[in-house]
Structure formats: C-alpha cells, structure tokens
Amino acid sequence: MGRLQLSDLPRLARRYPLVFIGGGLLTLLIILALAAPLYAGDPVNINPFKRLQPPSAEMWFGSDNLGRDVFARTIFGARISLMVGLLSAACAALAGLLIGVIAGYSRSFDNVVMRIMDGLMSIPTILLAIALISLTGPGIGILIVAIAIPETPAVARLVRSVVLGVRQRPYVEAALCGGARLPKVLWRHILPSTVPALMVQGATVCASAILTEAGLSFLGVGVPPEIPSWGNMIASSRLYLAIAPLTIFAPGICLAVTVLAVNLLGDGLRDMFDPRSKRRR
Amino acid sequence: MNGPLLKVENLTKHYPLGSGIFKKSIPVIRAVEDVSFSVEAGETLCIVGESGCGKSTVARLLMRLVEPTAGRVLIDGTDIAGLKKDALHAWRRRMQMVFQDPYSSLNPRLTAAQIITEPVENFERLGRNQRQALAADLLRKVGMSPEMTHRLPSELSGGQRQRLGIARALSLNPSLIIADEAVSALDVSVQAQILNLLLDLQQQMGIAFVFISHDLGVVEHIGHRVAVMYLGRIVELAPCEALFAKPVHPYTEALLAAAPVPDPTRIRLQVPVDGEMPSPINPPNGCAFHPRCPLAVERCRIEVPPLVPMADGRIVACHVRAPATELSAPPIANRALAQIDSIS
C-alpha cells in the first residue's frame with residue numbers, strides 16, 4: 001500500500017515536477033547552509049583593509065563595507081533565513097491546526113477564539129512582530145514566535161473551514177454510527193483531510209515568514225546584528241549598491257530563490273494531495 | 001421474544017432557526033412530530049414520504065446522530081435516546097446504518113478492508129491476520145471478491161461501494177439496520193442486486209430493517225409494514241399488502257397514484273393533489289394535509305387527526321376516512337402505541 005521505492009522516483013518526478021524542483025532546490029539550500037563551516041570562510045571576521053573588494057579567488061562575492069566575506073555571510077545567512085522560516089511555519093501550522101480543529105468542533109470555543117483570531121488578522125504582520133519583539137528584546141527564539149503568531153490566524157481559519165466541511169460528510173457520521181469515539185474520528189477521518197490544505201498553507205506561511213524575517217532584520221529588529229542574515233546584509237549594503245552591487249544582489253537573489261522554491265513546493269504538494277488526482281501504483 | 005426489538009415513542013425533533021439569546025421565541029423547523037412505531041426482530045419496516053417529510057431525520061434520530069427534542073427510542077426495552085455517550089457506545093453494536101450516497105459515505109483515503117473492519121476495531125483489538133480474515137469474510141457476505149480488500153473507494157463502482165457500506169454495517173452483527181435511501185443513488189439494475197442482497201441477509205441472519213425510501217416500487221418489494229409520513233407525522237401505518245391494495249389516507253392514495261406502475265391493466269386512482277408540501281416551520285393547523293386534501297372538511301382545519309386503528313390492522317390519521325370514536329378517547333400517542341403493539 002503506497003510504499004515508495006527508489007525506482008518510483010523518476011515516474012513521480014514526471015508526475016509532480018513542481019514538488020521535485022521546489023523540494024530539490026530547498027533541500028540543496030538546506031544542505032549548503034548546514035555544511036557552511038566546511039567550505040565558506042568566517043562570516044564575521046572584519047578586515048578594514050579589504051573593504052568593498054570586487055570578487056576574487058579568496059572572497060568569491062567580494063567583501064562588504066566592513067571587509068567581511070559576502071559569500072560566507074550569504075551562506076551563513078541562509079541558516080538563519082531557513083531556520084526562522086521553517087520553524088515559524090511549523091509553529092504557526094501546529095498552533096493553527098490545534099485552534100482550527102477545536103474551533104471546528106466546539107461552538108463556544110469557536111465564537112471566542114475565532115474573534116480573537118480575526119482581531120489578530122487585522123494587524124499587519126510586521127507591525128505585530130515588531131510590537132512582540134519590543135516586549136522582550138531581540139533574539140532568535142522570540143523572532144520565530146513573533147513571526148508565527150501573526151501567521152497563525154490564517155492557518156486556524158483554513159483548518160476550521162476544512163473541519164466544518166468534513167465533519168458533515170456522511171463518512172464521518174458513518175464512523176460515529178460504527179461506534180468510533182471523537183478522538184479516533186478526528187485522527188482517522190478529519191485530520192487527514194486537513195493535511196493537504198495545511199501543507200499548502202504551510203508553504204505559503206514559510207515563504208512569507210522568510211520574507212518577514214528579512215524585513216525585520218532589514219529594519220534592525222530581527223536577528224541581532226552580529227549574526228549574518230539576508231535581511232541585515234541588504235540593510236547594511238544598500239548605501240554601497242553602486243560600488244559593490246554583489247553585496248546586495250547575493251543575499252537578495254538567494255532570498256528570491258528560496259521563497260520561489262518554497263512556493264513551488266507548496267503548489268506541487270497541493271496537486272499531489274488532491275485526492276482526485278491520487279492514483280495507486 | 002418478548003417485546004419488539006425497536007420501539008419508538010413520541011419521537012419529536014424541532015430544529016431551532018438561529019440562536020435565541022435575545023429573542024423570546026425562536027421559530028423552529030418541526031422536522032419530526034410525535035412519531036411512534038415499533039419493529040420486530042427480522043422484520044422490515046419501510047418509511048415512505050416525499051422529500052422533506054422528515055424520514056431521514058427519523059433515521060438520524062434512531063442512530064442518535066442528532067439528539068431528539070422529545071420522545072424515546074427503545075432497543076430491547078432500553079431507552080437509548082436518554083443514554084450518556086459512554087453508555088451509548090455499547091448500544092451502537094445493536095443497530096447500524098447504511099447511507100444513501102455510496103460515494104460520500106466512504107472515506108476516500110481508506111482501503112476497503114480498513115473501511116469495513118473499522119467498526120469492529122472500535123470495540124476490540126484485532127491482529128493483522130484477524131483483520132484480514134474479517135475483511136475477506138465480510139466481503140464474501142456481500143458478494144464481493146476478497147481480493148478487493150486493498151482497493152480504494154475511488155476504484156470501485158457505485159454498486160460495489162454500496163456493498164462496502166452494507167459490509168461495514170454488518171461487521172458488528174447488528175440486530176437492526178437502518179437503511180436511509182440505501183438504493184436510491186444506484187442504477188435500477190444495481191438497485192435490484194442490492195435489494196436482493198439485503199433480503200438474503202435478512203433471511204440468513206434475521207436482521208430487522210428500517211428502510212427509508214421514496215420509491216414505492218422498492219418498498220412494495222421488500223417491506224413487511226409501511227409507514228407513510230407527511231410533514232413530520234405518520235399519517236398511515238399498515239401491512240405492506242394492505243397498504244398497496246387499498247390505501248386509506250388520502251395522502252397515501254395520492255402517493256400511490258403518483259407512482260408509476262409497470263402494469264397497464266392496473267387501474268390508477270385519480271386523486272387530484274396539487275400544490276407543494278407546506279413549510280415545516282409554519283405547518284397548517286389541524287391536519288397538516290388539509291390544504292391539499294380533496295376530502296378536507298371543516299374539522300380537518302381545526303383538529304389534528306389522531307392515529308385510529310382500523311379493522312384490517314392498520315392505523316390511519318384522517319377525520320374523514322378514519323373518524324375516531326368520540327367516547328373517552330385516550331391520548332393520541334398511547335392509543336396509537338397500543339395499536340402498534342397489537343399489529344406487529
């Protein structure tokens with residue numbers, strides 16, 4: 001039943017090209033980011049004598065205004081972007097799933113919590129994140145939470161709508177008639193239906209979280225300035241665009257490619273999970 | 001066997017329209033109004049009526065998919081309408097339901113084996129081999145090949161899917177199966193196969209059926225007794241042959257007259273009934289059928305007709321055709337119930 005084998009890969013790749021392009025790109029980025037210490041130089045080493053150098057054998061993308069290696073900073077910056085993006089998306093998806101499922105099943109909870117969610121949704125993401133960060137001071141952990149919270153209502157709303165639709169289906173009623181208890185009904189008949197929507201929404205949230213992180217770091221409220229991130233690289237290099245364009249283009253293009261990869265993956269997953277296109281073997 | 005398998009007393013379901021925190025009185029949909037009947041072991045009771053008459057709500061009330069507003073549902077003398085969720089769990093084994101739509105009533109993500117063994121696994125733990133054996137056995141019972149166990153619903157035909165639905169209902173060895181329009185979504189040829197399967201199962205296993213349908217041909221084929229519903233109430237409850245031979249209630253008459261009969265020699269009754277069923281939010285006073293009834297008299301507009309027992313073992317609610325004897329009439333429901341017991 002549905003077990004995947006290595007020999008199935010080419011066929012699956014042809015069937016769901018988006019998943020493979022997006023997933024492949026994302027995997028490549030993650031590997032490059034994780035293996036950064038093995039091949040990239042020191043991202044924080046300041047060298048005042050080598051400021052704003054053009055690309056060379058030593059520093060592939062040249063150096064920035066403090067003489068730091070742009071290539072190393074871009075690669076190490078990927079760690080932050082990917083980590084914050086994936087973890088915020090995971091947090092938002094989990095919280096949204098929990099709230100959405102309970103709201104879909106309990107009227108009183110639904111009335112109270114979904115109004116709070118509506119309120120959260122009306123506040124711009126960056127503004128809410130800045131407000132949350134200013135309560136505790138900067139840090140990676142709070143950054144992830146601050147990005148996840150504004151993304152949660154959209155996920156919760158989506159999951160709730162799926163649950164409300166599915167709980168009316170005759171097969172859910174049939175399960176109840178067969179003596180299934182609520183936890184089992186939720187686990188076996190309702191949660192699987194939320195997975196496709198959750199995956200697609202998760203990818204969207206992830207892409208937007210990466211952008212939010214870059215935006216927050218650009219504004220100086222994201223990751224602490226000593227940690228390289230695509231956002232604060234672009235921020236600190238924007239004055240030198242004409243002299244050393246790579247200092248801005250390297251992180252900028254990486255950001256664009258990462259977000260594209262995540263979005264492609266999301267679209268591909270949506271096609272894959274659609275039960276109408278599901279086939280065995 | 002003492003007492004009927006299933007006994008329904010004064011079952012009522014009102015759906016409130018909107019929530020009424022601030023409003024004094026909320027309008028309600030009177031989906032089911034004071035319905036009483038009983039079913040013996042191994043018997044088929046059919047419930048017929050046009051769309052919206054409350055017959056599906058009765059099925060859902062029996063399974064307690066919705067909570068009744070009033071009334072009792074007794075299985076072997078125990079009122080399951082009043083049971084707490086935990087106590088209800090054990091009674092789920094006794095009665096099972098077959099759904100109308102064989103497409104949406106099967107989870108598209110589960111295999112045939114998973115679908116039909118799930119009810120049993122709600123009650124006991126099954127090993128891998130036991131599950132396989134059970135699935136194969138159930139499939140054989142409903143006339144499917146055991147090789148189908150790994151198929152998904154999307155890989156099966158409508159008839160095969162409905163067989164799966166029946167296999168799922170059979171898995172707990174219930175004494176009663178409620179079939180809500182179980183064949184109306186199927187082709188006529190497949191309908192016949194499924195009906196014959198149900199009849200076979202009834203003979204082999206002694207299962208009682210509550211068979212809900214709008215198709216009088218099907219009802220005539222499989223029913224032992226037939227209850228005719230109109231706007232949430234039973235208007236006539238009669239043995240099958242008697243009902244089809246001579247309907248008493250004018251609504252039953254109209255219903256039979258409207259059904260196509262594949263027999264040109266059979267004389268069709270001419271009962272002019274026009275208009276639509278009134279809204280259950282605001283049902284007419286008196287007999288609910290009086291605005292469309294050709295026989296309606298003044299009394300029908302004022303007084304709800306009680307279910308009155310007739311000589312041939314049927315009960316009918318009609319002032320004209322089955323006038324109640326005036327002297328010391330007991331409350332409607334009690335008398336009807338007494339009559340149900342005596343004819344079943």
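Which residues are exposed on the other side of α6(B)? They are B:S189, B:Q203 and B:Q204. Keep in mind as you read that this model is predicted.

Let's stay with this helix for a moment. The buried residues of α6(B) are B:Q191, B:I194 and B:L198. Looking down the axis of α6(B), you would find these buried residues within an arc of 70 degrees, so they line one face of the helix. Their cover includes α5 (158-170), β8 and α7 (216-222) of chain B. After α6(B) comes B:G206, which has a positive phi, near 65 degrees.

Now for a helix in chain A. Of the 15 residues of α5(A), one is buried, so to speak of this helix as hardly covered is fair. Both helices can be checked with a simple rule, 1.5 Å a residue, and in each case the expected span agrees with the distance between the end C-alpha atoms.

| Helix | Residues | Expected span | End C-alpha distance |
|---|---|---|---|
| α5(A) | 107-121 | 21 Å | 20 Å |
| α6(B) | 188-205 | 26 Å | 25 Å |

Chain B also holds an open sheet of eight strands, in the order β6-β7-β8-β3-β9-β10-β12-β11, with mixed pairing. At its edges are β6 (95-98) and β11 (308-309) of chain B, each of which pairs on one side only. β11(B) runs antiparallel to β12 (residues 315-316) of chain B, and two bridges join them. B:P309 has B:I315 in β12(B) as its bridge partner.

Finally, helix α1 (residues 55-62) of chain B lies across several strands, including β3 (44-48) and β7 (176-180) of chain B, and runs at about 150 degrees to β8(B).

Key. Residues are numbered from 1 along each chain as its sequence is written. Chains are lettered from A and ligands numbered from 1 in the order in which they are written. This is a predicted model: local features need pLDDT of at least 70, side-chain atom pairs count only at pLDDT 80 or more; totals for chains, interfaces and linings use all residues. Helices (H or I, at least four residues) and strands (E, at least two) are DSSP runs, numbered from the N terminus. The expected span of a helix is 1.5 Å times one less than its number of residues. A residue is buried if 20 or more other C-beta atoms lie within 10 Å of its own, exposed if 12 or fewer, and partly exposed in between; C-beta atoms are placed from the backbone. Two strands pair if DSSP finds at least two bridges between them. Two residues are in contact if their C-beta atoms, placed from the backbone, lie within 7 Å. Axes are lines fitted to C-alpha atoms, for helices over the stretch in contact, and angles run from 0 to 180 degrees between N-to-C directions. The arc is that of the directions from the helix axis to the C-beta atoms.
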